[in-house]
Amino acid sequence: MTRKVILDVDTGTDDAVAIMLAALHPDLDLAAVTTVSGNVPLAATTDNTLRVLDAIGRPDIPVHPGLAHPIARRGFPGPRHFEAGSARDMHGTSLPLPAPRTAARAESAVEFLLHTLRTTTEPVTLVPVGPLSTIATVLAADPSVRDAVAELVIMGGAHDHGNVTPSAEFNIWADPEAAAMVLSAGVSRLTLVTLDATHRALVTRDDCVKLSGLGTPAGRAAADLITRRIDAYSAGRGVAADDAAPVHDAVCIAYLLRPEVITTRPVHVEVETTGSRTVGRTVMDLRPNATGEPNARVAFDARADVLVDLLLSTFA
């Protein structure tokens, strides 16, 4: 049986690969994609999402625009890490794909998610891989819809190191109040795929050559987008290994298909919302005598071989 999935994205390069993997794998039913402001503003994330779905021949999947801003702040907590137009900008505003021929739906992401979760007759897996603004708004509007969520798989957070600051990963940092709300909402099964894991599942330039060699629209697009990520990481002076880069969001979709791609442990996680140097940090209680009950299954490790094999087999 296929697994019903809704992706919530802030579509840059890694979101695009995740969308393609979810849309093309036969074991997943990608019911819709919702968008949120994050890597780029909402209009661009929505446009990029439509570009990706058109490029791989899946314009039938509806796209619903979500929140254009954090739930409690006028903007992000601080300056963006990757400045637009620099060598380290791995996303750009518009993805290098043809302009979309289809349009987003008029129904907002919040309206769509509330209606879907209230009326669904089958469990829904939610996979937010951007800031959690839209998901938090939905759970605040009707906390009972959490019962319709079979699993919430979040790309976000970090323990060993951040990326936008030394303490914080971008998706959590971009709307820490939303992240704090979602992590405390009582979703029965919540999996947090952190930077600790995604930075251990690197896709190499050689892997991109293989993807491009598939000759399919998805293979070529994935190769181009991941190569852009590798170039940006290289310009960042060795954040990841030479000639390789993480494709964070795709690991979440890979987990749905091949759970062994990540290694998790149950942990109590809270989000720092007030620290001047630590805002957006996911504080994980890893002590043997931890006092809080686990509220997430946190991924600390991941396998590049599983991820790459899945990308190659699906995009072929």
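**Entry 1: strands**

I began with β2 and strand β3 (residues 63-65), which pair in the parallel sense over three bridges. A note to self before going on: this is a predicted model. Within β3, I looked up the bridge partner of Thr34 and found His64.

Next I turned to the other pairing of β2. Strand β1 (residues 3-9) and β2 also run parallel, over seven bridges. I picked Leu7 to fix the register, and its bridge partner in β2 is Val33.

How many residues of strand β2 (residues 28-35) are buried? I got six of its eight, so I wrote the strand down as mostly covered, with buried taken as under 20% relative accessible area.

**Entry 2: crossovers**

With the strands noted, I followed the chain between them. β1, helix α1 (residues 13-24) and β2 make a β-α-β unit, and I logged its hand as right-handed. Then I checked the step from β2 to β3, which goes by way of helix α2 (residues 42-55). This β-α-β unit is right-handed too.

**Entry 3: aromatic rings**

I moved on to the side chains and looked for ring pairs; the structure holds three aromatic pairs. One of them joins Phe76 and Phe170, with 5.7 Å centre to centre and 75° between the planes, an edge-to-face arrangement. Where do Phe76 and Phe170 lie? I placed Phe76 in the loop between β3 and α3 (109-119), and Phe170 in helix α5 (residues 170-174). The pair therefore ties together parts that are 94 residues apart in sequence.

I then asked how covered each ring residue is. Phe76 has 26% relative accessibility, so I entered it as partly exposed. Phe170 has 10% relative accessibility and therefore counts as buried.

Phe170 has another ring partner, Trp173. Why is the pair of Phe170 and Trp173 called tilted? Their ring centres are 5.9 Å apart and their planes stand at 40°, and I call that tilted because the angle is neither under 30 degrees, as for stacked, nor over 60, as for edge-to-face. Phe170 and Trp173 are three residues apart in helix α5, which means about one helical turn separates them. I noted both Phe170 and Trp173 as buried.

**Entry 4: putting the rings together**

To finish, I joined up the ring pairs. They link Phe76, Phe170 and Trp173 into a cluster. My sketch of this cluster has Phe76 on the loop between β3 and α3, and Phe170 and Trp173 on helix α5.

Notes:
Residues are numbered from 1 along each chain as its sequence is written. This is a predicted model: local features need pLDDT of at least 70, side-chain atom pairs count only at pLDDT 80 or more; totals for chains, interfaces and linings use all residues. Side-chain values use heavy atoms; hydrogens and water are left out. Buried means under 20% relative accessible area, exposed over 50%, partly exposed in between (1.4 Å probe, protein chains only). Helices (H or I, at least four residues) and strands (E, at least two) are DSSP runs, numbered from the N terminus. Two strands pair if DSSP finds at least two bridges between them. A crossover is right-handed if, with the strands pointing away from the viewer, the path from the first strand over the helix to the second runs clockwise. Rings of Phe, Tyr and Trp (its six-membered ring) pair if their centres lie within 6.5 Å; planes under 30 degrees apart count as stacked, over 60 as edge-to-face and the rest as tilted.
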